[in-house]
Amino acid sequence: MTNPPPPGNWSDPTWSAQPSSPAPDPTLVAGQPVPAQPGPVDPYAPAPYAPDPYAPVDPYAPVDPYAGAKQSAAQPMPGYAPPGYPPQYPGYGYPQPPKTNGMAIAAFVLALIGFTSCITAPIGAILGHVAQKQIRLSGEGGAGMAKAAIIVGWILTGFLVLVIAIYAAAIIYAIATSDNSSSSSSY
């Protein structure tokens with residue numbers, strides 16, 4: 001830092017162009033070095049070199065038998081990742097859903113196929129009852145599927161029985177009301 005020159009032609013013997021004390025070092029604060037501030041991280045900068053763990057190894061290269069003794073527990077072995085989070089223990093997080101009963105799935109599929117062919121609907125309903133019993137004994141999942149198969153299967157079976165009854169009634173009515181024209185007709 002310099003002092004301004006004196007006004008006019010008057011000369012001040014204490015004034016000089018040089019500062020009286022050296023400029024403070026900006027990297028020192030109270031005589032202690034200032035730690036460097038981290039700068040922005042370049043996401044496109046190359047990663048630091050790490051040896052390739054899958055590189056071919058020369059089987060005839062000399063081997064230090066005491067190389068493993070140099071490693072401490074805090075330092076990971078070369079080629080291995082540093083220890084991170086431990087593996088998740090069972091019982092933490094979301095529980096696993098129970099296995100779905102295969103009989104319940106088959107019953108539900110057969111009951112739904114019963115919409116196009118009513119023959120599979122009663123099979124689906126019966127398999128639904130069997131699946132419910134298996135689920136109660138084993139604790140598997142699929143109780144809702146089994147119940148849906150029972151409901152859909154028995155409704156479609158009832159519809160099938162109603163349609164067969166209507167066809168049978170129509171056939172009986174057609175036979176009863178038909179003219180016996182072949183026996184009473186004259187040639």
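## The span of helix α3

How far apart should the ends of α3 be, given its 35 residues at 1.5 Å a residue? In this predicted model, the expected span of α3 is 51 Å, and the C-alpha atoms at its two ends are indeed 51 Å apart, so the expectation and the model agree.

## The protein as a whole

Helix α3 belongs to a protein whose secondary structure comes to 4 helices and 2 strands. Reading from the N terminus, the order of these elements is β-β-α-α-α-α, with the strands ahead of the helices.

The protein has 187 residues, and 11% of them count as buried. If one takes the contacts with a separation of 6 or more, 55% of them are accounted for by residues that lie 24 or more positions apart.

## How α1 meets α2

Two packed helices are described by the angle between their axes and the distance between the axes. For helix α1, which covers residues 102-113, and helix α2, the angle is about 160° and the axes are 7 Å apart. Angles over 145 degrees count as roughly antiparallel, and α1 and α2 are therefore roughly antiparallel to each other. Their crossing is left-handed.

On the side of α1, the residues that take part in this contact are M103, A104, A107, L110, A111 and I113, and they meet T120, A121, I123, G124, L127, G128, V130, A131, Q134 and I135 in α2. Sorted by character, the residues of this contact comprise 12 nonpolar and 4 polar ones, with no charged residue.

## How α2 meets α3

Helix α2 spans residues 120-138 and helix α3 spans residues 143-177; the two pack at an angle of about 150°, and 7 Å separates their axes. That angle makes α2 roughly antiparallel to α3, and the crossing of the two helices is left-handed.

From α2, the contact draws on A121, P122, G124, A125, I126, G128, H129, A131, Q132 and I135, while α3 contributes A143, A146, K147, A149, I150, G153, W154, L156 and T157. Of the residues in this contact, 12 are nonpolar, 6 are polar and 1 is charged.

## How α1 meets α3

The axes of α1 and α3 come within 8 Å of each other and cross at roughly 30°. Since angles under 35 degrees count as roughly parallel, α1 and α3 are therefore roughly parallel to each other, and their crossing is left-handed.

Here A104, I105, A107, F108 and A111 of α1 meet M145, A146, A148, A149, V152, G153 and L156 of α3. The residues of this contact divide into 11 nonpolar and 1 polar, and none of them is charged.

## The buried residues of α3

Which residues of α3 are buried? They are A146, A149, I150, G153, L156 and T157, and what covers the buried residues of α3 includes both α1 and α2. An α-helix has 3.6 residues a turn, so residues three or four places apart point the same way.

One of these buried residues, T157, can be followed in more detail. T157 has a relative accessible area of 13%, which is why it counts as buried, the cut-off being under 20%. Leaving aside residues up to four places away in sequence, T157 touches A121 and P122, which are both among the residues that α2 brings to its contact with α3.

## Two partly exposed residues

Is V130 buried, partly exposed or exposed? This residue lies in helix α2, and because its relative accessibility is 35%, V130 counts as partly exposed. V130 is one of the residues of α2 that meet α1. V130 and I150 are 20 residues apart along the chain, and their C-alpha atoms are separated by 9.9 Å.

S117, by comparison, has its place in the loop between α1 and α2. Its relative accessibility is 29%, so S117 also counts as partly exposed. Along the chain S117 and L156 are 39 residues apart, and 9.6 Å separates their C-alpha atoms. L156 is itself one of the buried residues of α3.

Technical notes. Residues are numbered from 1 along each chain as its sequence is written. This is a predicted model: local features need pLDDT of at least 70, side-chain atom pairs count only at pLDDT 80 or more; totals for chains, interfaces and linings use all residues. Side-chain values use heavy atoms; hydrogens and water are left out. Axes are lines fitted to C-alpha atoms, for helices over the stretch in contact, and angles run from 0 to 180 degrees between N-to-C directions. Angles under 35 degrees count as roughly parallel, over 145 as roughly antiparallel, 65 to 115 as roughly perpendicular and the rest as oblique. A crossing is left-handed if the near helix is turned anticlockwise from the far one by less than a right angle, and right-handed if clockwise. Contact means heavy atoms within 4.5 Å. Ala, Val, Leu, Ile, Met, Phe, Trp, Tyr, Cys and Pro count as nonpolar, Asp, Glu, Lys and Arg as charged, and the others, Gly among them, as polar. The expected span of a helix is 1.5 Å times one less than its number of residues. Buried means under 20% relative accessible area, exposed over 50%, partly exposed in between (1.4 Å probe, protein chains only).
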